Amino acid sequence: MNWRELLSGAGSMNRRTDPWAAVEVCWRINSAEWRGGGGDGKTSEIVSTVERGHPLHVERSEQTILVGDSGVGKTSLLVQFDQGKFIPGSFSATVGIGFTNKVVTVDNVKVKLQIWDTAGQERFRSVTHAYYRDAHALLLLYDITSKSSFDNIRAWLTEIHEYAQSDVVIMLLGNKADMSSERAIRREEGERLAREYSVPFMETSAKTGVNVELAFVAVAKELKSRAIQHSSEPKFRIHEYIEAQKEKSGCCSFF
Ligand SMILES: Nc1nc2c(ncn2[C@@H]2O[C@H](COP(=O)(O)OP(=O)(O)OP(=O)(O)O)[C@@H](O)[C@H]2O)c(=O)[nH]1
């Protein structure tokens, strides 16, 4: 059963036609608020669908942009997330912008992330700016072996605040965490900068895959919770989620 069928089944309870309404209906059912309340046979069908654990499909693209200096690993991070692989070898800089669609299932809801991979080179900056306005989330990368890429983060944040929506989800990522012998930026420095700007932070490796999925899943969870947050549920807090997941995986001890 897809969300359209769910929506028509839920129509007697919620007449909105927004696809997110179907998710909200099921969300409430999921949290037992309307359990058994429909009396039309359809409600219990929806309940059992959710109980069987079938993810709800959501046709809405959440636009996520990867930004940061050239060579920090934006394309590699996306390839690792999308295909689970790292292609070593010569570096070929992104020209302009490219995108990948990826569906992430979070809390039994499918969230479609449209991920834009931007070119870090200065000459493409005006192209990148054009995409900021429509972004729901921004992953801002630096390379832990490159001091200049870290020093430029402030300038990137200034641009983001100038061109993006004020409520855009921003996450700071220190990539290439596998290259500890060439590390130029300590993890604490990344953490301090992230705290200063009140953005979540983690170190990632597009090579080993460490924290790559976590970064995108955390963004998907945040965007989903903003779209269908129900008042009876505790608010999703991305900082707390990331810290808890990092602790669980003992992520940073092997860098
Ligand atoms: N060891 C290691 N190398 C990485 C990692 N991520 C990227 N690289 C390498 O760094 C180089 C640049 O990576 P890209 O992904 O092309 O960088 P980019 O940020 O997309 O660069 P632009 O397209 O110019 O903006 C490539 O040679 C990658 O193989 C990583 O996590 N670890």
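Two strands are said to pair if DSSP finds at least two bridges between them, and with that in mind you can begin the tour of this predicted model at strand β1.

Select β1, residues 61-68, together with β4, residues 137-143, and you will see two strands that run parallel and are joined by five bridges. To find one of these bridges, pick L66 in β1 and look across to L139, its bridge partner in β4.

Next, keep β1 selected and add β3, residues 109-118; these two strands also pair in the parallel sense, over six bridges, and the bridge partner of E62 in β3 is L113. Now show everything around β1: seven of its eight residues are buried, so the strand is largely enclosed by the rest of the structure.

From there, move to the largest nonpolar core, which has 47 residues, with L66, L138, L139, L140, M171, A215 and V219 having the most contacts inside it. Several elements each supply at least two residues of this core, among them β1, β3, β4 and α7, while α9, residues 212-228, gives the most, with seven residues. Select L138 to look at one member closely: leaving aside residues up to four places away in sequence, L138 touches I65, V67, I160, A164, V168 and I170.

Finally, turn to the ligand and select the 21 residues around it, of which S70, G73, A93, T94 and G120 come nearest. This shell has seven nonpolar, ten polar and four charged residues, and helix α4, residues 74-83, gives the most to it, with three residues.

Notes:
Residues numbered from 1 in each chain as written. Predicted model: local features only at pLDDT ≥ 70, side-chain atom pairs only at ≥ 80, totals over all residues. Near = placed C-beta within 6 Å. Helix = DSSP H or I, 4+ residues; strand = E, 2+ residues; numbered from the N terminus. Nonpolar A, V, L, I, M, F, W, Y, C, P; charged D, E, K, R; others polar. Core = buried A, V, L, I, M, F, W, Y, C linked by C-beta atoms within 7 Å. Buried ≥ 20, exposed ≤ 12 C-beta atoms within 10 Å, placed from the backbone. Contact = placed C-beta atoms within 7 Å.
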